[in-house]
Amino acid sequence: MQPNATYSQLDKKVQQSLNLNDNNYISNTHKAKGIISMHKSSLQKRALAVAIGSINCAFVLTPLLATAQDSPRSPESPSTSQSRLNASQAPSNDASELSTVTVIGEAVREATTEGSNSFTTDRSTIGLSEQAIKNIPQSVSVLTRERLNDQNLTSLKEAMEQTTGISVMSYGSNQYQLRSRGYDIDSLMLDGSRVEAPYGSLSNTGLYDTALYDRIEVMRGPTGILTGSGEPSGTVNLARKRARRDFGFDMSLSAGSWDAYRSTIDVTGSLNENGSLRGRIVGVYDEQESFVDEVNAQNAIGYGTLEYDFTPDTTLSVGVARQTEDSRPHSGLPVASNGNLFDVDRSTYLGSSWDRSHANATRYFADLEHYLNNGGFFSLKANQIETYRMNVTSSEGALVLDEDSGDMLTRNSSWSNRTKSESLEARLTTPFNLFEAEHATTLGASYNKNDSYTPYAYGEGDYFNQHSLQNIYSPHELPEPDEYSLYPGYVSSDLRQESLYGQVNWSVTPRLTLVTGGRLDWYDITSDLAEGDWGRHRAGSGREFTPYYGAIYEITPSINFYTSMSNIFQPQTEIESNGEIIKPRTGEQIEAGVKGGSSDGEFNWHLAVFNIEDQNRAYTDPDNSAFSIPLGETRSRGFEAEISGSPLPRLDVSAGYAYTDTEYTRDASLEGISLSPDTPRHNFKLWTRYYFSDDANRGWRIGAGVNTVSSIYAEDGTNRWEQGGYTLLSAQLGYRFNENFDVSFKGNNLTDEKYYSTVRANTRHNYYGDPRNFTFNLNYSY
């Protein structure tokens, strides 16, 4: 879906000549945007209808309700910045001929990145409102649609592996865990609404396929003002693709190493004459083998949305996303009892051909947006996500192995997991005047509910007999049990959270802005664990206030200094000896940094230092091991730097470095030990692209990347299993034939570095990183 080149170039020139005041962004956005009216042939309309119908049938999408989007906010071309233009005549068929236009408003930038052809953006929606990134007093990174396409990052896992300061722990095919600043990321945001994050083998990640999203925004550090409870790590916001007024069609086909094949199709456009009703459909089919023997996965994903403008100021958007997955799970490799990591073939698979996994997930959403006459903005969002996953494995778990023999005792297991996440949120952002200055405030209320239920049982294979004896040097097929009836049990959890929150950006002087805010949460949490005749029930409830403070000082029009104190809390269900539930953990971060960029928004950078204190952690009472005491404390501190965008003509770059040091500062048995030894202390990521031609619609380009991390390790008090630092190199060669057709060839781990990407001590979940691999991609867009 290439933007009209003539109009995009004009938009950019107009924008550069106008000044955008971020404090008046909402008002200016509403007043500035308009419609570039273009004639559409009946053939295009019929093509859109046929395409949408075909994909609906192919992916069996649930019928959607009529929806709307504010007509002035619907981009006529997917450019990062747009001007309100009135065309005195429709564009001629000659694309080189420019119609007479008249500028009647201010140019604005918006957070949408589709069609920008840029690795960077200077706006984000990950805060309580859309705003300039340099006015957010915390570290924020954005992976634009162009960057996702260019690096062929098709999953959230792949995208996070290329994001500054983020570590990814693998649990096999499509299963992983994210970490930031030494802490697990336990919640994500979809269009600003909280959902549970992928976590280990329970992950259900098809809904996070990047084909569904315009951009991925990452905020590092505690985000209590946004999410309420959680770890002091940060959050990831996935901003979905919106239905567009203009007809657009995009199709991609790719083939790669290990029989990896993928196809995507994306169709959008108006469904009535005036464009007030718009639709968009995205379909994905992905199948691949693996460098690990027997491991494979097949995914099918469908996404559809409708938007309807009730008035120029009021838009309703509804949609559904559906994912199904079938795979053969991989539980990784064990470790040796002497502290060594096994040096075996990376294709080693310790399971059996009857190991299997099935997963599905469905998301329903509805968004109502309304613009106020004073430039304010009101939104009402509802989300529901249901997920299911089942796993049957022949050799789950493992004891630490003797390195000489390679023998290990495993067990057959069967489990399933169902989750349901519901959220409802109302938010109002509006400017107000006080003491002859204009300020901005955001007020909101939200409700979140998350339920999870995981039953499990084991088959005939057990640690205490030889039925499941496996050997890492000579893996063999294990017999499938007739039933799974040993040690049946279940794990369940239920979290409910109601919240009120508010934030004010005070314009103290033309250069100084103070940010004050807070969130009040009421929560109820229950946790149940049962196995056989044994069981445990824990529950807790309470009320927590989470403050937020920040300051932003404009050094120059393009450089801001900031500092902030952000907080978060995490409910606990452990019990003290007096019978009381331990109060929630609290995380507090002090961060300071500098953000800047070019005046046209084409190049941005930031530097940040941080210190996180996590207190009131429950750990075992040394005087009574049946209970816990709330005295544990941890600390994470470090430094981050990032640049993104186009520093020179035809050159695009994204580079980030993170230094992270974690430590238990108060713990009876762990004091002085690293909190997160599998988070590399040094983590550097670089990707660059260079065009050989000034014509963006024709010519060759090359890309190159470097990922370097320092050592990671795991330990059990006696042994340490360590993976030394390593560097991965990648490169790409691409050619664009015209504005519609593009091909590229990309290689990863070009030196074929052999390394463990995840080290998990004496569990089975130790994984080799991908060997050298290649992908060929073909893209057609209109």
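This briefing walks through the fold, the cores and some individual residues of the structure above. The model is predicted, so please keep its limits in mind: local features need pLDDT of at least 70, side-chain atom pairs count only at pLDDT 80 or more, and totals for chains, interfaces and linings use all residues. Residues are numbered from 1 along each chain as its sequence is written, and side-chain values use heavy atoms, with hydrogens and water left out.

**Overall fold**

- The chain holds six helices and 42 strands, where helices (H or I, at least four residues) and strands (E, at least two) are DSSP runs numbered from the N terminus.
- Of the 782 residues in the chain, 57% are buried; buried means under 20% relative accessible area, exposed means over 50%, and partly exposed lies in between (1.4 Å probe, protein chains only).
- Among contacts (heavy atoms within 4.5 Å) with a separation of 6 or more, 69% link residues 24 or more positions apart.
- About 31200 Å² of accessible surface belongs to the chain, and carbon and sulfur atoms supply 53% of that; areas come from the Shrake-Rupley method with a 1.4 Å probe, and for residues only the protein chains shown count as cover.

**Nonpolar cores and a surface patch**

- The largest nonpolar core has 31 residues, and L156, M160, L188, Y208, I216, V236 and L238 have the most contacts inside it.
- Apart from that core lies another, of 21 residues, including L333, Y349, L401 and M408.
- A nonpolar core here is a set of buried Ala, Val, Leu, Ile, Met, Phe, Trp, Tyr and Cys residues joined through side-chain atoms within 4.5 Å.
- On the surface, L729, F745, L750, F774 and F776 make a nonpolar patch of about 400 Å².
- Patches are made of residues with over 30% relative accessible area and no salt bridge (a side-chain nitrogen of Lys or Arg within 4 Å of a carboxyl oxygen of Asp or Glu); like charges are joined within 9 Å, and nonpolar side chains (Val, Leu, Ile, Met, Phe, Trp, Tyr) within 5 Å.
- F776 sits in strand β42 (residues 773-781) and counts as partly exposed because its relative accessibility is 39%.

**Two buried acidic residues**

- D355 lies in the loop between β19 (314-327) and β20 (356-371), and counts as buried because its relative accessibility is 4%.
- Beyond its neighbours within four places in sequence, D355 is in contact with R328, P329, Y349, V392, T393 and S394.
- The side chains of D355 and Y349 share a polar contact of 3.2 Å, and a polar atom of the D355 side chain lies 3.0 Å from the backbone nitrogen of S394.
- A polar contact is a pair of N or O atoms within 3.5 Å; within protein, one must be able to donate a hydrogen and the other to accept it, and residues adjacent in sequence count only if both atoms are side-chain atoms.
- C-alpha to C-alpha, D355 and L478 are 9.9 Å apart in space, with their positions 123 residues apart in sequence.
- E325, in strand β19, is buried because its relative accessibility is 1%.
- Leaving aside neighbours within four places in sequence, E325 touches N174, Q298, N299, S357, H358, A359 and R389.

**Positive phi values**

- Most residues other than glycine have a negative phi.
- E436 has a positive phi, near 60 degrees; E436 is in the loop between β23 (411-434) and β24 (437-458) and is exposed because its relative accessible area is 86%.
- D752 also has a positive phi, near 55 degrees; D752 is in the loop between β39 (741-748) and β40 (756-758) and is partly exposed, with a relative accessible area of 27%.
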